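Q: I have a model open and want to learn how to read it. Can we go through it feature by feature?

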There are 2 protein chains.
Amino acid sequence: MTRLPPDEAASLLERFRRHLRDRRLPVTRQRLAVAGAVFAADDHPSVLELSRRLLAGGDEVGTATLYRTLQLLVETGLVRERDFGEGYARYEPAAEGHDHLICQRCGLVVEFSGDRVERMLRVTADEHHFLYRRHHLEVHGLCRTCRGRDLDTPTAGDR
Amino acid sequence: MTRLPPDEAASLLERFRRHLRDRRLPVTRQRLAVAGAVFAADDHPSVLELSRRLLAGGDEVGTATLYRTLQLLVETGLVRERDFGEGYARYEPAAEGHDHLICQRCGLVVEFSGDRVERMLRVTADEHHFLYRRHHLEVHGLCRTCRGRDLDTPTAGDR
DNA sequence: TTACGTGCAAAGGCTTTGCAGTCGG
DNA sequence: CCGACTGCAAAGCCTTTGCACGTAA
């Protein structure tokens with residue numbers, strides 16, 4: 001996943017502040033820190049990983065607050081929650097439309113643009129008299145390094 | 001989701017038996033019961049729900065065994081595990097080839113052939129040096145009857 | 001000042017694991 | 001017979017919740 005350009009990350013942070021102000025919710029150090037950490041990510045950090053990064057950045061945030069803030073961010077639509085079937089959630093800035101290739105063997109996650117897929121799905125939706133809004137897509141397979149090996153060993157990837 | 005035709009369910013069960021035999025794994029009452037319960041489903045039952053159905057059908061199966069058997073079935077590729085972000089897993093027969101259009105307002109689910117999407121994804125996977133194995137796709141939008149109405153009411157669709 | 005946020009610790013809920021007993025092949 | 005399976009109960013793990021204290025506005 002590509003890291004958000006600094007200005008875009010800043011803009012998302014600003015939108016978060018506005019959202020809080022509009023609802024008369026306190027703008028706290030923790031909330032800004034959590035939002036900033038997610039917007040700065042170039043991957044899909046888990047809660048634990050976010051906690052580590054915040055700590056490393058000198059912004060310690062309690063676990064409960066971290067969870068509560070992420071929930072808030074997801075509700076505002078600024079952050080997206082992803083589930084790769086690992087038993088815990090991952091988070092990413094809700095910037096763009098991309099989908100994921102997931103290696104069934106080693107768990108590697110690679111992103112690709114969802115544009116082509118989306119164009120096709122708009123047509124498909126229309127054929128079924130649906131108005132396309134959004135889609136969720138995961139492609140499971142074997143990455144470059146794993147595809148060379150024995151192909152029918154049970155995999156851990158699917159969960 | 002549509003229930004599997006009886007013959008197809010039977011065929012999946014047979015494939016499961018063969019898989020077990022091939023690996024010299026015991027074919028037990030519990031394993032057949034669990035597999036049968038999943039293949040007979042016309043929805044996406046959770047572990048708890050499967051447990052209930054098995055019990056109702058006179059096939060009590062311990063929780064641990066249920067989890068272990070489902071894992072086995074997923075590894076064989078005969079059953080698919082789904083995560084709707086509810087905090088627990090759901091299961092369905094892996095009778096493939098269908099994706100879903102889901103109405104964000106009324107919940108209507110319409111299946112459509114995943115062939116076109118799959119062809120595209122094979123190419124995409126290849127571009128990223130992945131070997132395509134399978135995909136999971138949901139398209140969220142508004143169905144024919146709902147699309148006429150107010151379009152920006154918050155939806156429950158995402159998690 | 002006051003409502004809401006925060007952190008800790010405990011509780012929750014789903015899933016996995018250890019182990020003694022059982023059974024399929 | 002032996003290796004694998006079962007079931008129970010306990011442990012694990014991620015996430016949520018209760019509560020006393022702190023803080024943005």
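Q: Which element gives the largest share of the surface near DNA strand D?
A: First, the general idea: a residue is near a strand if one of its heavy atoms lies within 4 Å of it. Helices (H or I, at least four residues) and strands (E, at least two) are DSSP runs, numbered from the N terminus. Here α4(A) gives the largest share of the surface near DNA strand D, with four residues.

Q: What should I know about the model and its numbering before going on?
A: This is a predicted model: local features need pLDDT of at least 70, side-chain atom pairs count only at pLDDT 80 or more, and totals for chains, interfaces and linings use all residues. Residues are numbered from 1 along each chain as its sequence is written, chains are lettered from A and ligands numbered from 1 in the order in which they are written, and side-chain values use heavy atoms, with hydrogens and water left out.

Q: How many residues surround DNA strand D, and which are the closest?
A: DNA strand D has 21 residues around it. The closest are Tyr67(A), Ala89(A), Thr28(B), Arg31(B) and Thr65(B). Of the strand D atoms within 4 Å of the protein, 74% belong to sugar or phosphate, and the rest to bases.

Q: Which polar atoms lie by the phosphate oxygens of DNA strand D?
A: A polar contact is a pair of N or O atoms within 3.5 Å; within protein, one must be able to donate a hydrogen and the other to accept it, and residues adjacent in sequence count only if both atoms are side-chain atoms. In this model, a polar side-chain atom of Thr65(B) is 2.6 Å from a phosphate oxygen of DNA strand D. Backbone atoms take part too: a polar one of Gly62(B) is 3.0 Å from a phosphate oxygen of that strand, and one of Val27(A) is 3.4 Å from a phosphate oxygen. Elements giving two or more residues to this surface are α4 (63–76) of chain A, with α2 (29–39) and α4 of chain B.

Q: How does the surface near DNA strand D divide by class?
A: Ala, Val, Leu, Ile, Met, Phe, Trp, Tyr, Cys and Pro count as nonpolar, Asp, Glu, Lys and Arg as charged, and the others, Gly among them, as polar. The surface near DNA strand D has 10 nonpolar, six polar and five charged residues.

Q: Which residues come nearest to DNA strand C?
A: Thr28(A), Gln30(A), Arg31(A), Thr65(A) and Tyr67(B) come nearest, out of 22 residues around DNA strand C. Sugar and phosphate make up 72% of the strand C atoms that come within 4 Å of the protein. A polar side-chain atom of Thr28(A) is 2.4 Å from a phosphate oxygen of DNA strand C. For the side chain of Thr65(A), an N or O atom is 2.6 Å from a phosphate oxygen. Gln30(A) has a side-chain N or O atom 2.8 Å from a sugar or linking oxygen of DNA strand C.

Q: Which element gives the most to the surface near DNA strand C?
A: α4(B) does, with four residues. By class, this surface has 11 nonpolar, six polar and five charged residues.

Q: How much area is buried between chain B and chain A?
A: Buried area is the accessible area (1.4 Å probe) that two parts lose on being put together, summed over both. Between chain B and chain A it is about 4,200 Å², with 56% from carbon and sulfur atoms. In chain B, Phe130(B), Arg133(B) and Arg134(B) lose the most area to chain A, together 17% of what that side buries. Contact (heavy atoms within 4.5 Å) takes 45 residues from chain B and 42 residues from chain A.

Q: How many salt bridges are there between chain B and chain A?
A: A salt bridge is a side-chain nitrogen of Lys or Arg within 4 Å of a carboxyl oxygen of Asp or Glu. The count between chain B and chain A is two. Glu127(A) and Arg116(B) meet in a salt bridge at 3.2 Å, N to O. The two chains also have 14 residue pairs in polar contact, both at pLDDT 80 or more. β5(B) gives the most to the side of chain B that touches chain A, with 12 residues.

Q: In what sense do β5 of chain A and β5(B) pair?
A: Two strands pair if DSSP finds at least two bridges between them. Strand β5 (residues 131–142) of chain A and β5(B) pair in the antiparallel sense, over 11 bridges. Val139(A) has His135(B) as its bridge partner in β5(B).
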